[in-house]
Amino acid sequence: MIYMTYSATACTTETTVYEDIAFPQRVHILPDTFRKAKTGMSYPPHNMFNKVITEEAINYVKANPVKGKTAFMLAAGSQGWMGTSGRYDKNPEAELHYKTKLPFITLTNIYAGRIATMFHVHDHVSTDASACASSLKVLMDMQNLMFHYGFDRVIVLSGEDSVCIPSLEFFGDAKACLLLEDEDKRKPSAFDDVNHGFHVGQGAALTIFEKEHPNMRAPLARFMGAYTSAEDNTNPLGQRDDGEGYSKAIEGALFVAKLHRNRVRLVKTHGTGTPVNNAAEKSALLRSLDEFVATSYKPRIGHTLSASGLLETGLLLDDLKSGVIPKIPNRTADDSVFLSEDVPAFDGVFLSLAAGMGNVYSAALFSTEV
Amino acid sequence: MDFLEFFNRCGEQTVVRGDVFKRVTSMDTPVTEDTTGLDSLDTTLTYMLIAEAYDIDEVEANHMPLSSIQDLKDFCDKHKKRDFDTVEAAMEVVK
């Protein structure tokens with residue numbers, strides 16, 4: 001059996017307005033993470049990741065070696081962080097413009113090697129570039145190492161610094177996120193006919209998965225299985241209305257976990273709230289599961305891109321521990337499935353979903369019964 | 001300002017694992033992995049911190065010497081645009 005034994009998350013429900021950019025918008029940022037990164041002293045996500053790479057986690061790994069091998073995975077969402085684009089250089093001196101003096105250190109594999117060293121990991125280091133599905137996608141790789149290659153512990157660090165000029169302009173230009181000009185018409189929400197869309201958010205998560213060993217921490221959850229699928233779609237930036245990719249991911253995860261669909265009664269959705277994702281994810285869930293309730297964290301903390309899958313799973317575990325399954329904010333209709341109100345927490349199997357650009361759909365199953 | 005202490009504090013802040021860093025005790029020490037424990041990436045980052053503290057131009061910072069701590073100090077003295085009375089004051093800028 002594989003257990004999740006450590007979860008640290010960094011994100012914020014607070015928002016900050018950035019008007020002096022080509023597509024003015026509200027974002028969820030942790031302001032202190034821009035210290036130094038803004039001037040290029042540090043590689044951009046350094047300060048954000050430092051919020052989850054705790055001494056507690058490092059000391060736990062060092063003090064409790066496992067019999068088998070240990071891996072370190074960086075779910076970075078892309079091969080390189082940051083960058084510049086002349087197209088969007090409306091104001092090169094604006095806050096959020098990075099002047100990175102050491103371009104090579106924004107390559108995610110170099111950062112991964114550095115942090116793996118910090119954890120004294122030297123059996124396996126990898127990075128993943130599956131965009132917003134990245135942190136759940138690597139769980140398929142994690143279970144493969146655990147089941148087939150003699151690994152007993154996998155450390156997953158996930159996140160990317162999405163709150164920077166290139167990312168905000170990309171999402172704004174694509175009308176993928178909510179802009180300031182949208183605010184009098186709608187609020188962030190998911191699976192709602194009136195309110196929809198998301199703000200971009202910073203976020204990071206550090207999660208440790210382990211096979212049982214004598215000094216193992218009290219598990220937060222039991223990992224049941226994960227699967228990542230593609231779908232038949234000519235547009236790698238789009239999603240099919242029928243949610244084929246999500247369905248294949250869910251069914252793959254159920255198969256790996258050897259679970260019947262009726263065991264899943266709680267879903268942490270990808271829940272970006274875009275009309276396209278609303279249609280795809282809702283169709284897939286109604287087709288692939290029986291009775292369930294679903295929530296979304298993105299209307300609350302923004303879209304933390306590559307980190308979102310595991311980060312939101314960590315938040316859900318925190319909420320379950322405090323006895324509540326949180327509603328989807330800003331729903332305008334009563335809904336007992338895609339929750340318009342908080343409901344009491346219950347034990348059992350839950351499903352986490354994520355989707356990433358490039359036709360990547362990931363599903364992971366966990367159980368709170370450890 | 002005690003430049004040797006400033007170098008050590010920057011190195012300690014940069015290095016990924018504190019147990020591999022070797023504090024330097026002589027200004028004559030060359031900056032190599034053997035003498036400091038800093039690998040090539042750590043060394044680059046340490047030098048970037050020092051350049052940032054003294055506000056040395058990026059182009060000039062590319063020529064900061066590795067031959068000895070004294071040579072590094074001399075280079076910084078020649079190109080710096082600001083200075084600090086104490087190591088603590090300098091570290092406030094780069095931490």
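Two strands count as paired when DSSP finds at least two bridges between them. Keep that in hand for this predicted model.

**Stop 1: a strand pair.** Select strand 10 (residues 264-268) and strand 11 of chain A. They pair in the parallel sense over 3 bridges. Now pick A:Val267; A:Ala294 in strand 11 of chain A stands opposite.

**Stop 2: the whole sheet.** Widen the selection to the 10 strands of chain A in the order 5-4-6-8-1-9-15-14-10-11. The sheet is open, with mixed pairing. Look at the edges: strand 5 (124-128) and strand 11 (293-295) of chain A each pair on one side only. Neighbouring strands of this sheet are turned by 25° against each other on average, direction ignored.

**Stop 3: helices on the sheet.** Show helix 6 (residues 244-257) of chain A. It packs on the sheet and touches strand 9 (221-229), strand 14 (349-356) and strand 15 (360-367) of chain A. Its direction makes about 135° with that of strand 9 of chain A. Next, show helix 9 (residues 308-321) of chain A. It lies across strands including strand 1, strand 6 and strand 10 of chain A. Against strand 8 of chain A, helix 9 runs at about 75°.

**Stop 4: two domains.** Colour chain A by domain: domain 1 (2-211) and domain 2 (225-364). Their centres, taken over C-alpha atoms, are 20 Å apart. Across the boundary, 47 residues of domain 1 are in contact with 47 residues of domain 2. Which helix gives the largest share of the domain 1 side? Helix 4 of chain A, with 7 residues. By class, that side of domain 1 has 20 nonpolar, 22 polar and 5 charged residues.

Technical notes. Residues are numbered from 1 along each chain as its sequence is written. Chains are lettered from A and ligands numbered from 1 in the order in which they are written. This is a predicted model: local features need pLDDT of at least 70, side-chain atom pairs count only at pLDDT 80 or more; totals for chains, interfaces and linings use all residues. Domain bounds come from an automatic or database domain assignment. Two residues are in contact if their C-beta atoms, placed from the backbone, lie within 7 Å. Helices (H or I, at least four residues) and strands (E, at least two) are DSSP runs, numbered from the N terminus. Ala, Val, Leu, Ile, Met, Phe, Trp, Tyr, Cys and Pro count as nonpolar, Asp, Glu, Lys and Arg as charged, and the others, Gly among them, as polar. Axes are lines fitted to C-alpha atoms, for helices over the stretch in contact, and angles run from 0 to 180 degrees between N-to-C directions.
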